[in-house]
Amino acid sequence: MIYVIGIGPGSLEMMTAQAKQVITEVDTIVGYKTYIGLIKPLISQQVIIENGMRGETARCQEALKRSRAGEKVAVISSGDSGVYGMAGLIYELSDGKDEIEVIPGVTASIACAATLGAPLMHDFCHISLSDLLTPYDTIMKRIKHAAAGDFVICLYNPKSKGRPHHIENAIAIIREEQGSDLWVGLVKNAGRDHQSHHIFKIDAIDYSLIDMTSLVIIGNQSTQIIHEKMVTPRGYQL
């Protein structure tokens with residue numbers, strides 16, 4: 001049996017009870033080394049298989065191999081395993097005979113939205129600015145169409161040393177489509193130590209605060225600040 005588990009944004013308190021239970025019961029845990037560190041209090045006798053960035057395929061292949069040998073295996077992802085996580089890759093690599101169960105987790109946008117207030121009360125989308133697996137032009141096209149559709153936009157992987165200006169380029173596209181009267185929320189280290197958050201108007205974003213531990217939420221035309229929180233009204237009659 002192979003379980004593909006979303007461990008949430010970082011803290012054990014934000015993991016689901018189901019995820020915690022399964023992690024303590026499996027024979028083997030497979031994951032990115034940073035995520036293994038986040039679940040250390042749950043590790044006792046389990047075999048741990050970990051590696052670094054870009055080792056996703058190797059991790060999933062090893063997990064499937066061990067599962068087929070009779071082990072109960074947990075493959076962990078941060079957030080939800082079906083949102084930029086390992087769930088899809090496990091299914092792609094499976095021979096169709098593997099027993100697979102996906103256990104959901106709290107994805108980063110949900111954790112960050114709770115910190116900012118209620119910015120996701122209406123239609124929203126997720127877009128990753130990482131161009132390791134998706135062409136840059138495709139990412140920017142998606143940004144443009146999401147902005148044109150007045151979606152609230154959650155930007156994952158907004159900035160790294162290798163792509164320091166993707167976030168600025170994305171914001172420029174959104175501003176061109178939507179204008180400058182937009183609120184933008186930034187959360188760093190959601191659910192982890194040293195969590196922080198900031199809310200800006202789109203022309204006042206401090207890009208120096210943004211890194212790979214951050215998630216950026218750009219509001220739509222209806223998003224406003226209520227009691228110092230970022231809120232996108234659903235439209236209920238008051």
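**Exercise 1. Determine which residue of β8 is the bridge partner of Cys-125, and place this pair within its sheet.**

Step 1. In this predicted model, Cys-125 has Ile-153 in β8 as its bridge partner.

Step 2. Strands β7 and β8 pair over five bridges, in the parallel sense.

Step 3. The open sheet that holds these strands has five members, ordered β7-β8-β11-β9-β10, and its pairing is mixed. Its edge strands, each pairing on one side only, are β7 and β10 (196-201). From one strand to the next, the twist averages 20°.

Step 4. A helix packs on this sheet: α5 (residues 108-116) touches β7, β8, β9, β10 and β11. The direction of α5 makes about 70° with that of β11.

**Exercise 2. Identify the elements that give two or more residues to the largest nonpolar core, and describe the surroundings of Ile-127.**

Step 1. The largest nonpolar core has 23 residues. Those with the most contacts inside this core are Ile-127, Ile-143, Ile-153, Leu-155, Ile-174, Val-216 and Ile-218.

Step 2. Two or more residues come from each of the strands β7 (124-128), β8 (152-156), β9 (183-188) and β11 (214-218), and likewise from the helices α6 (136-148) and α7 (166-178). The largest share, five residues, is that of α6.

Step 3. With neighbours within four places in sequence set aside, Ile-127 is in contact with Tyr-84, Ile-139, Arg-142, Ile-143, Ala-146, Ile-153, Cys-154, Leu-155 and Tyr-156.

Step 4. Another core, of 15 residues, lies apart from the largest one; Val-26, Ile-39, Leu-42 and Ala-74 are among its residues.

Step 5. A general tendency provides the background: in soluble globular proteins, nonpolar side chains tend to be buried together.

**Exercise 3. Decide whether Ser-128 counts as buried or exposed, and trace its polar contacts.**

Step 1. Ser-128 lies in strand β7.

Step 2. The relative accessibility of Ser-128 is 14%. Buried means under 20%; Ser-128 therefore counts as buried.

Step 3. Beyond its neighbours within four places in sequence, Ser-128 is in contact with Tyr-84, Ile-139, Tyr-156 and Asn-157.

Step 4. With one of these residues, Asn-157, the contact is polar: the two side chains are joined at 2.8 Å. The side chain of Ser-128 also reaches the backbone nitrogen of Ser-130, at 3.2 Å.

Step 5. For a comparison of sequence and space, consider Ser-81: Ser-128 and Ser-81 are 47 residues apart in sequence, and their C-alpha atoms are 15 Å apart.

How values were computed
Residues are numbered from 1 along each chain as its sequence is written. This is a predicted model: local features need pLDDT of at least 70, side-chain atom pairs count only at pLDDT 80 or more; totals for chains, interfaces and linings use all residues. Side-chain values use heavy atoms; hydrogens and water are left out. A nonpolar core is a set of buried Ala, Val, Leu, Ile, Met, Phe, Trp, Tyr and Cys residues joined through side-chain atoms within 4.5 Å. Buried means under 20% relative accessible area, exposed over 50%, partly exposed in between (1.4 Å probe, protein chains only). Helices (H or I, at least four residues) and strands (E, at least two) are DSSP runs, numbered from the N terminus. Contact means heavy atoms within 4.5 Å. A polar contact is a pair of N or O atoms within 3.5 Å; within protein, one must be able to donate a hydrogen and the other to accept it, and residues adjacent in sequence count only if both atoms are side-chain atoms. Two strands pair if DSSP finds at least two bridges between them. Axes are lines fitted to C-alpha atoms, for helices over the stretch in contact, and angles run from 0 to 180 degrees between N-to-C directions.
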